[in-house]
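Trainee: Could you take me through one part of this model closely, the place where the two chains meet, and then fit it into the rest?

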Protein chains: 2
Amino acid sequence: MLGGGQLGRMLALAGFPLGLSFRFLDPSPAAPAGEVGELLVGPYDDPALLDRLADGADAVTYEFENVPVEAARRVRALPPPRALELGQDRLGEKRLFRRLGIPTAEFESPSLPALVKSRRLGYDGKGQRLVREGPLEVGPGELAEELVPFDRELSIIAARRRGGETAFYPLAENVHHEGVLRVSRVPAERAPQAEAEDYARRLLDELDYVGVLALELFEVDGRLLANEFAPRVHNTGHWTIDGAETSQFENHLRAILGLPLGVTAARGPSVMVNLIGGVPPLEALLALPGAHLHVYGKASRAGRKLGHVTLVGAPAGVVAAAIRLADEAAGATPGGV
Amino acid sequence: MLGGGQLGRMLALAGFPLGLSFRFLDPSPAAPAGEVGELLVGPYDDPALLDRLADGADAVTYEFENVPVEAARRVRALPPPRALELGQDRLGEKRLFRRLGIPTAEFESPSLPALVKSRRLGYDGKGQRLVREGPLEVGPGELAEELVPFDRELSIIAARRRGGETAFYPLAENVHHEGVLRVSRVPAERAPQAEAEDYARRLLDELDYVGVLALELFEVDGRLLANEFAPRVHNTGHWTIDGAETSQFENHLRAILGLPLGVTAARGPSVMVNLIGGVPPLEALLALPGAHLHVYGKASRAGRKLGHVTLVGAPAGVVAAAIRLADEAAGATPGGV
C-alpha cells in the first residue's frame, strides 16, 4: 500500500480476517500502519522502494490521494491511476463531472462570491480563498467556483469490482468544522439515494474503476451538486466498520482482489464522531452504550484526526454525550478546536 | 499475552482500535498472532522470557488454558491464575461446580456407561475413553463421569470487569463432530438464558474473575448440567465479532484493563461455521450474502481449525451453503473430516 496512515491501518485490520498481510510505503517512520504490517520508510517516488513494495504482492493500492501518479503506475496500483490523476486536478475533476452530466457548482463563468482554489489537490479546506467582491482574479494554477449556499453536505461511498459489479452504501450527511469533518450521520434523512448512486455509477464506469470511491455532494434546494471525489476509502465511510454489514475497508480489499463485494446495508442508524486533537478518557467514552472506539495510534496534536467513535442505533442523548466528550478532548489540547 | 494462537490474533485485532498494542509469548515461531504483534518465541516457563513479556505492559493475559499456572502467576496475568488452575483440573472444576450448586453429570459415584477422562486438561475430546461395561477402573490421574444422554450442547460467554460489573452473551447452541466444534447458532432456541447466567455468575463471583469466561453446558430433559469452563475467549463466542454489538475479544480486553464492558446484545440470529482442515475458495464463500470470513493465518492440516465464517441474519439456504462449502474444503484436505 502506498501510504501508511490511519486509512492504511484500518484497511489492514479489515484484511487480516481475510488472510491478507500488508506492506506499506510511507515517508514517516511513525506511520500508524507500521504497527500492523511491514513499513518501508521513504519517499513515494523512490523506484527501488516501489519495487520492494510491490514485490510478491497480490495487489497494490494507495490510501492517500497525494501520492505521485507515476508511483501508482509503476506498481500497477488499483484504483486505476487515471482516477488518482483526475482526483488530483480539481479542474479536470469538474470537467469530468460536467462531461458525465453530473451537476456541479458553476466553474466556467462563476458569479461572485466565488471560492478560488488551487487546481492541485489541497485537503481539509486548505488552499482556498473566498472572493466576495470583484475583480475575480484566478491564477494559472487555480480555478474559481461559484460559492454555493448549500443546505447540507452529503457523501456516498461506492465500490466497484473488476468486471463491473458495483455496490453503494447509504448516503451520509456530514458536518464539517473549519474544513475538517466532525460528524457523519447515516442514513441521511430524506436522502436522494438513487440520484447519488446514479452519479457515482457514472464515475465508476467512466474510470473503469476498481476499489472504493467517495463522492462528496452538496444539496441545494433539493438538487445535488458534486463537489469532489476521492479515489479511496474515506472518512465519511468510517461508520461502516460498525454500522454496515461489510465495511468500506473490507469492500475495498475485496474489490481490488477481484472477490465478490459484501453487503453494504446499514445495521441501523449510525453516527460517527471524529476525535480531533485529543482522545476523550476511555472510561467515559466506553461507558456510552454502543460506543465503538477507533484510535489510530498517532501522537496528539491540535487539529489532528486521532480517531473516531461510532454509535449504532443509539438514542440522541448518547450521541450528544459522545460529541460533547469529543469536543472537550479537542479543547483540552493546546490550540485544539 | 501468553499464547499466540488464533485467539491471541483475534484479541489483537479487537485491541488495535482501542489504541492497544501487543506482545506474545509462544513456543512456535509460526504462531498466528506473530503477524499482528511482537512475538517472543520460547517455552512458557522461561523466567527471562516471561519478564520480557510483561515488561511495560498495562495488562498480561493468556489465550490458552494449558499455560503453566506458575507462569501466569509470575506475570500477574488476568483472568486470575486460580481460574486457570481450576480449569486445568477436571476434578477440581467439577467439585467447584458442585460446591457452587451448579448441576453436573454424576462424577462421585457414576453409573455405567461412563466417560473416563484424564484429570489434567485435554482439549477437543482428546484423552477420553468410554466405558460401557464394568468394572469401571479409574486411574489415579483420572476421573469418571456418568455419560449424559444430552439433548443438546449450549455455552454461555460471560465477562466480568475488576470491581464486579458483569455481562452475558446470549446462549449459543453448539454442534461438535469428533470432539471438535463445527457450528454454533445464536441465540439458541428456547434458551434457558437466566439459568445459564445464574451459573456463570456464581463462577465469576467465586473466582473474583476478571476477563471473559466460557461455560459449556449440556441440556438434558430441560435441565442444564455444567460440563466445563474455559478461563478465556472461546470458539463458541467467535460469532460475537460480527453478530454482537461488542465482541468477546473486545470485552475481554476492556475487562482486564478495567474499562466499562460493551453491550453484549446480538445484532441478529448468527451462525458460526468452523473451517477445519481447509478453507473454501474465497470466491464462493464471499459470494454468500452476509458471510463474514475470519482466517487465522495457519498452514492447512487435516483436523486443524483454520478459520471460521459467521452469517448474521442469513436465510437457512445461505447457512446450509456455508456449511456445505466448509465440509467440502475439509474433505479436500488429505485426511480431512
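Mentor: Sure, let's start right at the interface: 25 residues of chain B are in contact with 25 residues of chain A, where contact means that the C-beta atoms, placed from the backbone, lie within 7 Å. Keep in mind that this is a predicted model, so local features need pLDDT of at least 70 and side-chain atom pairs count only at pLDDT 80 or more, while totals for chains, interfaces and linings use all residues. Residues are numbered from 1 along each chain as its sequence is written, and chains are lettered from A and ligands numbered from 1 in the order in which they are written.

On the chain B side, helix H9 (282–285) and strand S13 (291–295) each give at least two residues to the surface touching chain A. S13(B) supplies the largest share, three residues. Helices (H or I, at least four residues) and strands (E, at least two) are DSSP runs, numbered from the N terminus. By type, that side of chain B splits into 14 nonpolar, six polar and five charged residues. Here Ala, Val, Leu, Ile, Met, Phe, Trp, Tyr, Cys and Pro count as nonpolar, Asp, Glu, Lys and Arg as charged, and the others, Gly among them, as polar.

Now for the symmetry. Rotating by 180° with 0.0 Å of shift along the axis puts chain B on chain A with an RMSD of 0.0 Å; the fit is by least squares on the C-alpha atoms of residues with pLDDT of at least 70 in both copies. The two copies are thus related as by a two-fold rotation axis. Within chain B, Val36(B) has the C-alpha nearest that axis, 2.8 Å away. And 100% of the interface residues of chain B are also interface residues in chain A, so the copies meet through the same surface.

Stepping back to a whole chain, chain A has 10 helices and 14 strands. Its C-alpha atoms fill a box of roughly 55 × 50 × 40 Å along the principal axes. Buried residues make up 49% of the 337 residues in chain A; buried means that 20 or more other C-beta atoms lie within 10 Å of the residue's own, with C-beta atoms placed from the backbone.

For a look inside chain B, try helix H8 (residues 248–256): nine of its nine residues are buried, so H8(B) is largely enclosed by the rest of the structure. Its cover includes helix H1 (6–15), strand S6 (152–160) and strand S10 (211–220) of chain B. After H8(B) comes Gly258(B), with a positive phi near 75°.

Note on methods:
Two residues are in contact if their C-beta atoms, placed from the backbone, lie within 7 Å. A residue is buried if 20 or more other C-beta atoms lie within 10 Å of its own, exposed if 12 or fewer, and partly exposed in between; C-beta atoms are placed from the backbone.
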